Amino acid sequence: MKDNPPCNTLFIGNLGETVVEEELRGLFSVQPGFKQMKVLRQDRNTVCFIEFDDVSTASAVHHTLQGAVVPSSGRGGMRIQFSKNPFGRRKDLVGGMVGILNGAPV
């Protein structure tokens, strides 16, 4: 499976629209290095981003929980990938980073 370069943020896919956020939080919050989690719900697609303290803890969880089944999801195993961007940062339309200005959060 194709993946992005390792970073401290994981993208969790193959989650059904019925997935319970508390169930996901219970699974990931006990993992070493867990910092925060964001669930995004769209029409028929739910995804999750999870931030860890560093790349090594994110990598360990990536390996350990790949394919784990979340019962409330109603789908097969989770698809875990490294996020394209670290938690809280996204690329703007011209390819630069937004969210940081002169080293300070905006």
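**Entry 1: after helix 2**

I began just past helix 2, where G67 follows with a positive phi, near 85°. I note here that the model is predicted. I then looked for a positive phi at a residue that is not a glycine, and I found N14, at about 60°. Most residues other than glycine have a negative phi, so I marked the spot. N14 is in strand 1. I looked up its accessibility too: N14 is partly exposed, at 28% relative accessible area.

**Entry 2: the sheet**

Next I traced the strands. I found four of them in an open sheet, with the order 2-3-1-4. The pairing is antiparallel. Which strands stand at the edges? They are strand 2 (34–41) and strand 4 (79–82). Each has a single partner strand, so one side of each has no neighbour in the sheet. From one strand to the next, the twist averages 20°.

I followed one pairing in detail. Strand 1, residues 9–15, runs antiparallel to strand 4, and four bridges join the two. I picked out L10 and looked across: F82 in strand 4 stands opposite.

**Entry 3: helices on the sheet**

I turned to the helices. Helix 1 (residues 21–28) packs on the sheet. I listed what helix 1 touches: strand 1, strand 2 and strand 3 (46–52). The direction of helix 1 makes about 155° with that of strand 2.

Helix 2 (residues 55–65) packs on the sheet as well. Helix 2 touches strand 1, strand 3 and strand 4. Its direction makes about 160° with that of strand 4.

**Entry 4: the two faces of helix 2**

Which residues of helix 2 are buried? I wrote down T57, A58, V61, H62 and L65. They cover an arc of only 140° around the axis, so they lie on the same side of helix 2. The general rule fits my reading: an α-helix has 3.6 residues a turn, so residues three or four places apart point the same way.

I checked what covers those buried residues of helix 2. The cover includes strand 1, helix 1, strand 3 and strand 4. Then I looked at the face turned away from the buried side. That face carries the exposed residues S56, H63 and T64.

**Entry 5: salt bridges**

How many salt bridges are there? I count three. I took them one by one.

R75 and E17 come together through their side chains, at 3.8 Å from N to O. This pair links distant parts of the chain, 58 residues apart. R75 is in the loop between helix 2 and strand 4, and E17 is in the loop between strand 1 and helix 1. R75 is partly exposed, at 32%. E17 is partly exposed too, at 44% relative accessibility.

E21 and R25 make another salt bridge, with their closest N and O atoms 3.4 Å apart. Both residues belong to helix 1, four residues apart, which is about one turn of the helix. I looked up both accessibilities. E21 has a relative accessible area of 30% and is partly exposed. R25 is partly exposed at 33%.

The remaining salt bridge I looked up joins E51 and K35, again at 3.8 Å from N to O. E51 sits in strand 3 and K35 in strand 2, with their positions 16 residues apart in the chain. Is E51 buried or exposed? E51 is buried, at 10% relative accessible area. K35 is partly exposed, at 45%.

**Entry 6: aromatic pairs**

I finished with the rings. The structure holds two aromatic pairs. F11 and F49 are edge-to-face, with 5.4 Å from centre to centre and 65° between the planes. F11 lies in strand 1 and F49 in strand 3, so the pair ties together parts 38 residues apart in sequence. F11 is buried, with 18% relative accessible area. F49 counts as partly exposed, at 22%. The cut-off for buried is under 20%, so F11 at 18% is on the buried side of it.

The rings of F34 and F52 have centres 6.4 Å apart. Their planes stand at 80°, so this pair is edge-to-face. The pair links F34 in strand 2 with F52 in strand 3, 18 residues apart. My last look-up was F52, which is buried, with a relative accessible area of 0%.

Definitions and conventions
Residues numbered from 1 in each chain as written. Predicted model: local features only at pLDDT ≥ 70, side-chain atom pairs only at ≥ 80, totals over all residues. Heavy atoms only, no water. Pairing = 2+ DSSP bridges. Axes fitted to C-alpha atoms, helices over the stretch in contact; angles between N-to-C directions. Contact = heavy atoms within 4.5 Å. Salt bridge = Lys/Arg side-chain N within 4 Å of Asp/Glu carboxyl O. Buried < 20%, exposed > 50% of the residue type's maximum accessible area, 1.4 Å probe, protein only. Arc of directions from axis to C-beta. Phe/Tyr/Trp six-rings, centres within 6.5 Å; stacked < 30°, edge-to-face > 60°.
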